[in-house]
Amino acid sequence: MADDDHKVLGMSRDELLAFNDGVAEEFRANGGRCGGMFEGNPMILVTMTGARSGRPRTTPLTYCADGDDCIVMASAGGSPRHPQWYFNLVANPTVTIERGAETYEAVATVTEGDDRRGAYDKMVAALPRFADYQAETDRAIPIFRLART
């Protein structure tokens, strides 16, 4: 697959990985907070196993808390394609989450039916821009529930 096939938010795969590494560094240095475009954004770091590479990948994700669970939306900013991390979570659902200064193991599941509707409503209520992302694409954006193990 060509590098351009991975373009998300105008970045190549390598650019996106480097960007994510920088965000993760800032997150860890500041107890789970990031500034700039992420100021006030509820974020977690999710370390997952690459679907093809088998290597660990850490991805910063905006989330919405649902009790002890974290809800994340594979929006890719409204892109017509799923982000790469979607495929990683489907292939390897056991992950490590960094939430603030806490680190724990979790299992990712794609929500369906009533759980998806509830997760979507909760995410959009907390972070209205996610409704815009869904409006920008024809695909049903997958929503994951990350449940602590």
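This is a chat about the rings, strands and cores of a predicted model.

Me: Hi! What should I know about the model before we start, say on pLDDT and numbering?
Reply: It is a predicted model, where local features need pLDDT of at least 70 and side-chain atom pairs count only at pLDDT 80 or more, while totals for chains, interfaces and linings use all residues. Residues are numbered from 1 along each chain as its sequence is written, and side-chain values use heavy atoms, with hydrogens and water left out.

Me: Cool. How many aromatic pairs are there?
Reply: The count is 5 aromatic pairs. Rings of Phe, Tyr and Trp (its six-membered ring) pair if their centres lie within 6.5 Å; planes under 30 degrees apart are stacked, over 60 edge-to-face, and the rest tilted. One of the pairs is tryptophan 85 with phenylalanine 144, which is tilted, at 5.8 Å centre to centre and 50° between the planes.

Me: Where in the chain do those two sit?
Reply: Tryptophan 85 is in helix H2 (residues 84-91) and phenylalanine 144 in strand E7 (residues 143-148), 59 residues apart, and the pair links distant parts of the chain. Helices (H or I, at least four residues) and strands (E, at least two) are DSSP runs, numbered from the N terminus.

Me: And tryptophan 85, buried or exposed?
Reply: Tryptophan 85 is buried, with a relative accessible area of 10%, and phenylalanine 144 is buried too, at 0%. Buried means under 20% relative accessible area, exposed over 50%, and partly exposed in between (1.4 Å probe, protein chains only).

Me: Why do tyrosine 86 and phenylalanine 87 count as edge-to-face?
Reply: Their ring centres are 5.0 Å apart and their planes are at 85°, so the pair is edge-to-face. Tyrosine 86 is buried at 16%, whereas phenylalanine 87 is partly exposed at 39%. Trp85, Tyr86, Phe87 and Phe144 form one aromatic cluster.

Me: Which residues of H2 are buried?
Reply: Trp85, Tyr86, Asn88 and Leu89 are buried in H2. They cover an arc of only 165° around the axis, so they are on the same side of H2. That arc is taken from the directions from the helix axis to the C-beta atoms.

Me: What do they pack against?
Reply: The buried residues of H2 pack against E1, strand E2 (56-62), strand E4 (69-73), E5, E6 and E7. Contact here means heavy atoms within 4.5 Å. From E2, threonine 59 is in contact with Asn20, Ile44, Leu45, Val46, Met48 and Trp85, leaving aside neighbours within four places in sequence.

Me: Switching to strands: how do E1 and E5 pair?
Reply: Strand E1 (residues 43-49) and strand E5 (residues 94-99) pair in the antiparallel sense over 3 bridges, and threonine 47 has threonine 96 in E5 as its bridge partner. Two strands pair if DSSP finds at least two bridges between them. E5 also pairs with strand E6 (residues 102-110), antiparallel over 6 bridges. In the hairpin of E5 and E6, with 2 residues between the strands, glycine 100 takes a positive phi near 65°.

Me: Last one: which residues have the most contacts inside the largest nonpolar core?
Reply: Ile44, Val46, Val72, Trp85, Leu89, Phe144 and Leu146 do, in a core of 18 residues. E1, E4, H2, E5, E6 and E7 each supply at least two residues of this core. A second, separate core of 12 residues includes Met73, Met123, Val124 and Ile143. A nonpolar core is a set of buried Ala, Val, Leu, Ile, Met, Phe, Trp, Tyr and Cys residues joined through side-chain atoms within 4.5 Å.
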